[in-house]
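User: I would like a close look at a single strand and its surroundings. Please keep to what the model shows.

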Amino acid sequence: MYALTEDALNKELLYEIIPRVEKPARYTGGELNMTEKKDAEVKFCLCFPDVYEIGMSHLGSRILYHIINKRSDAVCERAFAPWTDMDALMRENGLPMFSLENKRELGKFDIIGFSLLYEMCYTNILSMLELANIPFYAADRGGEFPLIIAGGPCACNPEPIAPFMDAIVVGDGEEVIGRIIDIYKAWKKSGEPKRSLLIELARTEGVYIPSFYEPEYRDGTFDRLVKTEPSAPDKITKAMVKDLDTAEFIGKPIVPYMSIVHDRIALELFRGCTRGCRFCQAGFIYRPIRERRLDTLLNMAKELTDCTGYDEISLMSLSSGDYSRIHELVPEIIDTFRDKHVSVSLPSLRIDSFMKDDLEKMQSVRKSGLTLAPEAGTQRLRDVINKCVTEEDLLRSVHDAFEAGWTGVKLYFMLGLPTETDEDLMGIADLAKKVAREFYSVPKEKRGKGLRITVSVSTFVPKPFTPFQWEAQNDTEEVIRKQQLLKEALRGVKNVEYQYHAPYVSRLEAVFAKGDRRLAGVLVSAYKKGARFDSWDECFKLNAYEEAFAENGLTVEQYANRRTDINANLPWEHIDMLVTKEYLKKEYERSLSAALTQDCREKCNGCFGKRCAESCTMNDVRHDRKTEEAE
């Protein structure tokens with residue numbers, strides 16, 4: 001481990017170092033609405049394993065920060081992965097990892113919670129632990145060290161980082177976090193060994209204790225997970241906030257001194273999705289859908305604009321256009337805040353959403369870009385992935401936007417989807433050209449100036465708890481070939497910019513998305529060879545991972561490029577995200593014949609199996625909709 005200075009944190013040295021880095025505001029704290037508590041019975045640090053401007057854009061962390069600090073017996077502070085310049089200076093000067101609020105050494109907290117938003121942040125977790133002089137592996141940490149926990153979307157397959165964690169929260173954290181603090185507080189007073197704390201935590205719905213389970217392998221592949229603690233549950237059922245309308249939100253959110261990725265008010269309309277796109281993990285793991293009431297959202301919008309000074313409200317959800325009262329909400333917000341020049345943005349607009357009037361209203365306050373996601377270039381492939389939109393939907397949507405004065409359109413696609421052919425790839429180029437022609441079909445007096453079309457193409461990553469979780473990712477050579485094929489097809493197309501990423505990061509994302517506990521050793525080996533900020537092109541070290549896999553007797557191909565038998569046990573089999581394996585199998589089989597599955601707003605498809613009637617709030621939504629139609 002890294003040797004630290006004897007003093008917990010030399011603040012004078014810290015303030016001497018901060019001006020020497022590229023962006024000092026990442027480390028100063030003291031922002032507007034920051035909670036200032038010096039002490040409490042339970043000290044909790046929310047750690048985001050990426051830079052400040054990304055972590056501060058994460059809505060979930062902001063919600064938990066508010067919930068914990070609302071308690072009189074707990075204090076919550078924040079820490080973010082120091083960028084390479086700050087990391088080097090901290091090591092050079094022996095400064096430990098610290099929190100922003102009170103510059104408290106990370107090792108002095110009771111609980112440290114990491115947010116797992118994407119797989120390529122895992123080595124940053126190791127970096128933050130090392131800078132805090134905390135052992136990587138949970139087995140090496142006694143009761144004198146902080147309790148290390150994690151949560152977030154990657155917790156649906158936590159196995160690659162499971163050996164590092166004392167506990168992992170699966171599902172929504174708003175209600176679980178309070179129970180964890182209560183249990184920890186009681187244990188702290190009891191003087192009992194750490195194992196008694198873990199046993200009590202294991203009784204909490206949504207909390208997974210990795211040390212209570214051991215993996216077994218057969219013929220070099222994962223076979224099953226064996227329970228070693230009798231009191232631990234056989235399956236960890238995800239925690240779920242059932243009534244989002246009354247759930248805690250973000251209170252007075254911290255307003256950073258520097259620009260962050262999402263530098264605006266984030267208003268979460270609902271959680272979950274009913275569309276069932278077969279590649280989309282979020283669309284399955286966040287089910288069922290839970291909406292906030294219109295008046296709740298309007299009250300939130302007023303409170304947040306009053307306490308932050310922001311002049312843009314982003315309507316957040318997996319598909320904002322699916323909010324049942326979106327056509328009332330958008331004009332209501334714009335009209336209410338017209339005097340303050342507050343604009344509305346929809347970061348996840350459905351192509352088949354009829355929003356022409358809303359688009360015109362939005363452009364009346366501030367012009368911005370429009371993002372749409374056709375995902376695939378042909379109707380055949382869109383049917384395979386259950387993206388229930390047509391070319392006509394896309395062209396109608398962009399036509400409406402161009403008529404409303406929009407000039408910037410970003411189109412998201414995926415490369416390497418199951419059953420994809422070169423004809424499907426050429427369909428992406430054809431669609432981009434048709435979108436450009438749609439702009440010029442609008443009369444000059446109605447359309448804006450300076451058309452900008454961005455075609456952004458990411459590599460398909462098979463994810464747990466999707467119908468494509470058994471699929472293989474295209475190998476690197478095939479991904480590169482397809483990227484170049486599409487690049488040539490778009491070369492010289494006026495007003496169209498083509499964006500894509502090197503395939504190596506996507507390949508590792510697939511590895512850690514589908515992986516098992518053996519990958520923890522790979523992560524440690526890669527980290528020791530310099531792997532940090534793996535999702536950043538300028539930092540990614542391919543050689544570090546190639547050597548790390550070899551050292552651990554594993555290969556990338558056995559995880560990313562191997563199709564899994566549909567009846568095999570999966571490393572995440574012990575996690576219950578409510579959607580049944582039987583349903584995912586059925587959807588996978590339907591994909592092979594390009595059969596569509598309709599939106600469950602219209603008809604229950606039984607994704608929760610026998611639990612659909614009691615667990616799915618869509619039953620109530622459908623009942624309410626029929627009542628409204630009858631009236």
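How many bridges join strand E1 to E3, and in which sense do the two run?

Analyst: The model is predicted. In it, strand E1, residues 42-48, is joined to E3 by 4 bridges, and the two run parallel. One position that can be picked out in this pairing is cysteine 47, which stands opposite phenylalanine 114 in E3.

E3 itself covers residues 111-115 and is mostly covered, with 5 of its 5 residues buried. Buried here means under 20% relative accessible area. The burial applies to both faces of E3: Ile111, Gly113 and Ser115 lie on one side, Ile112 and Phe114 on the other, and all are buried. Phe114, the residue opposite cysteine 47, thus belongs to the face that also holds Ile112.

E3 also pairs with strand E4, residues 147-151, in the parallel sense over 5 bridges. Here serine 115 of E3 has glycine 151 of E4 as its bridge partner. Serine 115 is on the face of E3 that includes Ile111 and Gly113.

Between these two strands there is also a helix to consider. E3, helix H6 (residues 122-131) and E4 make up a β-α-β unit, and the unit is right-handed.

In summary, E3 is joined to E1 by 4 bridges and to E4 by 5 bridges, with parallel pairing to E1 and to E4. Its residues are buried on both faces.

Technical notes:
Residues numbered from 1 in each chain as written. Predicted model: local features only at pLDDT ≥ 70, side-chain atom pairs only at ≥ 80, totals over all residues. Heavy atoms only, no water. Buried < 20%, exposed > 50% of the residue type's maximum accessible area, 1.4 Å probe, protein only. Pairing = 2+ DSSP bridges. Right-handed = clockwise from strand over helix to strand, strands pointing away.
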